[in-house]
Structure formats: C-alpha cells, structure tokens
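Please open the model in your viewer and keep the selection panel at hand. The tour below goes from one selection to the next and says what is to be found at each stop.

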Amino acid sequence: MSAEVDYVIDGAQVVSGQAIIEASVAIDQGLIVAVGLREAMPPARERIDASGLHLLPGAIDSHVHFRDPGYPHKETWATGSAAAACGGVTTVFEMPNTNPPTGTIEALRIKQKAAESSFVDFGIHGLLGDDTIDRLEDLLEAGVTSFKAFVGNTFGNLPAPSDGALLEGFEILARHGIRTVVHAENSSIMARREAQLKAAGRHDPLAHLDARPAVAEIEAIGRVVTLAEWTGARIHIAHHSAADSLFVLREAKRRGVDVTVETCPQYLLLNTEHMRLLAGLMRVNPPIREPRHNEPLWQALHEGVIDMIATDHAPHSPEEKTREDIWRCDCGFPGVQTQMSLMLTEVNRGRASLMDYVRWSAEAPARAWGIWPLKGRIAPGAHADIVLVDLTRESRIDQRRLQSISRITPWHGRRIQGAPVATMVRGRFVMREGELVESARGWGRSVKAIQNMPTPRPRHVETTSRAIVASGAGWPMTARPAEGAQEQVWDLIDRARHAPHSTE
Ligand SMILES: [Zn+2]
C-alpha cells in the first residue's frame, strides 16, 4: 500500500512534445511522482477530475519585464507574476532594464527582494553592458541565471554595449556556459533614421517601423552570431521579428553555433495592416512588420530555426500607450497572460499541433536555460509545474481582466478558443478555475538552484582579453628596434633559406 500523495489528476489528455496520451498524474511534495493508468495511482488527499481537459507542462517565458524595482505604476513582481499564473506560465525570466538596472550586486539584491512576492518560479537576466563586464562573474555568483545585452536600444535608456565589450562579455560567459539574451537591432542605424524621420515631421505609427528596418536586425544578428561562434558563448535571440534575418540563424545553427531563438505572438499574428487602427498600442521593439513576415516566422518555428514562444511582456500605463505622437508612446505591452490563449487558438485553427506548442512553450526554453529535465515536461521526478487547458472554451480577450497593473493591450477584443483553467507551480495551485490563488503569493522560487547548463565550450581561449593581458612575458619591454636590427633580420632569413634542412 503506497502512502497518500497530495493530488491525483484523472482523465486529462497529457501532452508532451512528442505525444498525447490519456493518463492520470500523481503529485506529491511539489513533484510529479507517477503518470499512468487511473487504477494504478496511489491514494491522494485530493482527487481531481480533469476529463475533457488537456494537461500541459506550464509555459516557460524567457522574456518578461516586471518593471520592479523602478516603475511600480507599470508593473510589480506580484502583479506580473499573477498575470503569468493566470496565463498558464509557471516560470519566467525577467529582464534587467529596471531602475536600478540589474548590473550591480546591490541592484540584484533589490530585485531578488522584489521577486519574493512572485507567484511563479523565475530566473533573473543580469545586464551585460560596457560597465558590467568586470562584474559578470560576481553577478552569476550572486544569483543571475543568464544575461541580457541591449544591442538595440529600448526602454530604460541603457546604452548598447560596444562590440569590444560584447566580445569580452562573451569570452567570460563562454567559460561558464551561460547564455546571453540579445536584443538584436543595430542602434546606430536606428538612431540616424529616427533623427531624420523626426526632422521630416514624421510622427505617425509607421514612422516607428521606418526607423527600424529589417536590415538593422540582420546586421545585429550577424554580428552577435560572429562573436558567439568565435568565443563559443551561448546566445539567445530575443523577439525575432523579420523574415529576412532567418537565413543568418539557419546558417549559424547549421554550423553548430549554440543560438536559441524566440518569437512572440505579436510577430506571428499582427502586422502593419493592424497598425493603422491600433497605432501606439502596437509600438514595440523590434517593430511589428509588414504582412509578408508572419508566415515565414511560423515556418521557422516548424523548422526549428525559431525554437520557442516568449512574450516580451512589457507593460506601460494606458496614458503612456495612447499619446498623440508615436515617438512618445512607450514601447511594449503586456503579454504573459494572453500568450497561451492566443497560441491555443492557433492550435485550434490548425496552425500547429498541441505537441508543437508544448515544444515551443515549455521544452525548448527549459533546455535553453538549463532547467530541463526538472522543468518543461510531465514525467515522474519533474517539478509539478502544470497547466490544465480547456481547448473548447471560447471567449474574447478582455483587458479589464488582466492581472497586470497596465490593463491595456492590442489583443483586447480578440476572439479566442482555448484557455488555461488551472495552473500549478511545484505542486501548488497558483490559479484555479480561472481565478488567481492569492495565498500563493511568494510561492515562486529562483531556478538558479536547479540550473544546470551543459558543459561550457569556450573557443579561442588563447586570444581572450584576459589571456592576452597576461601574455608577452619574455619579450623586450621596448618597442624601439634593436641596434642593427634590419641587417640582422635579413641575415637570419638568408641563413635559414640556405640551411640544409630547408624545405626547398
Ligand atoms: Zn523585452
């Protein structure tokens, strides 16, 4: 007779990246302890009938901005993670462009304190910038899981790292096997264009796209892929938006560069045709592009060039999103709560299978951030990070029901079919029957303790900044040529040429 477990969930269709099977799932002390036949389950304190529902690993969102510390009128860890819980997201990775930015130990401590109110598990991306290079290892030691480099400018006015700093940062992180998220747009191209557009009096919504052409993305991806390939650093391309830059990634992956790629529902489902009406609500970086980009992004997901779905959850107040001048509308909008419903709707429309969705939303991010196999799958021994979804439920996205402080989104009113109805993080409900479980506030934990990145594969270690600074021993300390240097050097060369062991 086995001991009583916390929960057994019966009757659901259990989905992995490879299969869907009807099975019962037993959960005890935060872990999945059995997956199998109903009659084989141990006795449970609570038995849950999930007939008609699908049971998925909770989504892992590689890209959220919870604005905390610094911008509590936009979002906090409590509200942002509540949105995640209600959206079926059980782990988030949070971005460093807060105030203060997560580039010092003190700033990290402030963020870790704020994250104590999280409903869901989390990783923290530290800041890779010119002035944080010397602290990257200290930040790792102190708890960041990964880094972010804002190669393209965005909210928070963080200067893009110089190419030199990026190379140095990659050299250091390659030795630790740590992955860096890159916002890959070319800042100088965008700065010049924006200045010219403003000078010409353009402040319409499309001016934002005109300032950030696809070539800015192609160039920046090419550059960071080059540096990653040279150093052996792992990188992750944030919010991939353009069809034109996919070839760079396809080639990089073929050569074995460890680059993972995310796109977001807005790049798959929205385009400039929606911009005329939605205007500043749709202002986001990189921009949402012409209709011709949507389909190739779907294809790239199916092909594996794009690995995963993230949201770039980036809330701002309604006032900040609805200004007259596009340049004054803040960039980004909330997304962590709506991602799953939007994608399940596409599953219902036949754009992807549920198994595809599980690979993109859970398996791929779990692997990228080194938290697989504890997270991202439904199997004995894994964390009980679970979402129950109702694929038949039809409704419309209603921004008044968002948990975010910023209740304004371009998705408001969109018809959806499919919704998360319960979310569990390490065996505890954080959302049930569509309602946030308030008492689960603070249940979220950093995934740092369970992170296990694959073996580091640094390359060209003999030419890193650290290596070259240490080398040169034994050479004369002066750069002035030696007395009679020219005669001596040519004599040496002539003698070598006439020596009996000459290769000729
Ligand atoms: Zn972002």
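Which residues coordinate the zinc ion, and through which atoms? Select the ion together with His63, His65 and Asp312: the coordination runs through NE2 of His63, NE2 of His65 and OD of Asp312, at 2.0 to 2.2 Å. Donors here are N, O and S atoms within 2.8 Å of the metal (3.2 Å for Na, K and Ca), and since water is not among the atoms, sites may look incomplete.

Before going further, please keep in mind that this is a predicted model, in which local features need pLDDT of at least 70 and side-chain atom pairs count only at pLDDT 80 or more, while totals for chains, interfaces and linings use all residues. Residues are numbered from 1 along each chain as its sequence is written, and side-chain values use heavy atoms, with hydrogens and water left out.

**The zinc site in the chain**

Along the sequence, the donor residues of the zinc ion follow the spacing H-x1-H-x246-D. Histidine 65 sits in the loop between strand S8 (59-64) and helix H1 (77-86), and aspartate 312 in the loop between strand S15 (308-309) and helix H12 (318-321), so the pair ties together parts that are 247 residues apart in sequence. Helices (H or I, at least four residues) and strands (E, at least two) are DSSP runs, numbered from the N terminus. Histidine 65 and aspartate 312 are both buried, where buried means under 20% relative accessible area, exposed over 50% and partly exposed in between (1.4 Å probe, protein chains only).

**Glutamate 262**

Next, select glutamate 262, which belongs to strand S14 (residues 259-263) and is counted as buried at 0% relative accessibility. Leaving aside neighbours within four places in sequence, the contacts of glutamate 262 include the zinc donor His63, and also Ser62, His236, His239, Met308 and Ala310; contact means heavy atoms within 4.5 Å. For a distance across the chain, draw a line from the C-alpha atom of glutamate 262 to that of arginine 400, which is 138 residues away along the chain and 28 Å away in space.

**Helix H1 and its cover**

How many of the residues of H1 are buried? The count is 10 of the 10, so H1 is largely enclosed by the rest of the structure. Among these buried residues are Trp77, Thr79, Ser81 and Cys86. To see what covers them, show strand S9 (89-94), helix H2 (105-114), strand S10 (121-127), strand S17 (415-425), strand S18 (428-432) and strand S19 (435-436), which are included in the cover. Just after H1, glycine 88 takes a positive phi of about 80°.

**Backbone stops**

Most residues other than glycine have a negative phi, and most peptide bonds are trans. With that in mind, select asparagine 99 and proline 100, whose peptide bond is cis with omega near 5°; proline 100 lies in the loop between S9 and H2. A cis peptide bond also joins asparagine 285 to proline 286, with omega about -10°, and proline 286 is placed in the loop between helix H10 (272-278) and helix H11 (294-303).

Histidine 239, listed above as a contact of glutamate 262, has a positive phi near 30°. Histidine 239 is in the loop between strand S13 (234-237) and helix H8 (246-254), and is buried with a relative accessible area of 2%. Histidine 460 also has a positive phi, of about 50°, but lies in the loop between S19 and helix H15 (465-470) and is partly exposed at 24% relative accessibility. In that loop between S19 and H15 you will also find valine 461, which is partly exposed at 43%; from valine 461 to threonine 478 the C-alpha distance is 27 Å, over 17 residues in sequence.

**Zooming out**

Finally, show the whole chain, with its 16 helices and 19 strands. The C-alpha atoms fill a box of roughly 90 × 70 × 45 Å along the principal axes, and 58% of the 504 residues count as buried. Of the contacts in the chain with a separation of 6 or more, 75% are accounted for by residues 24 or more positions apart.
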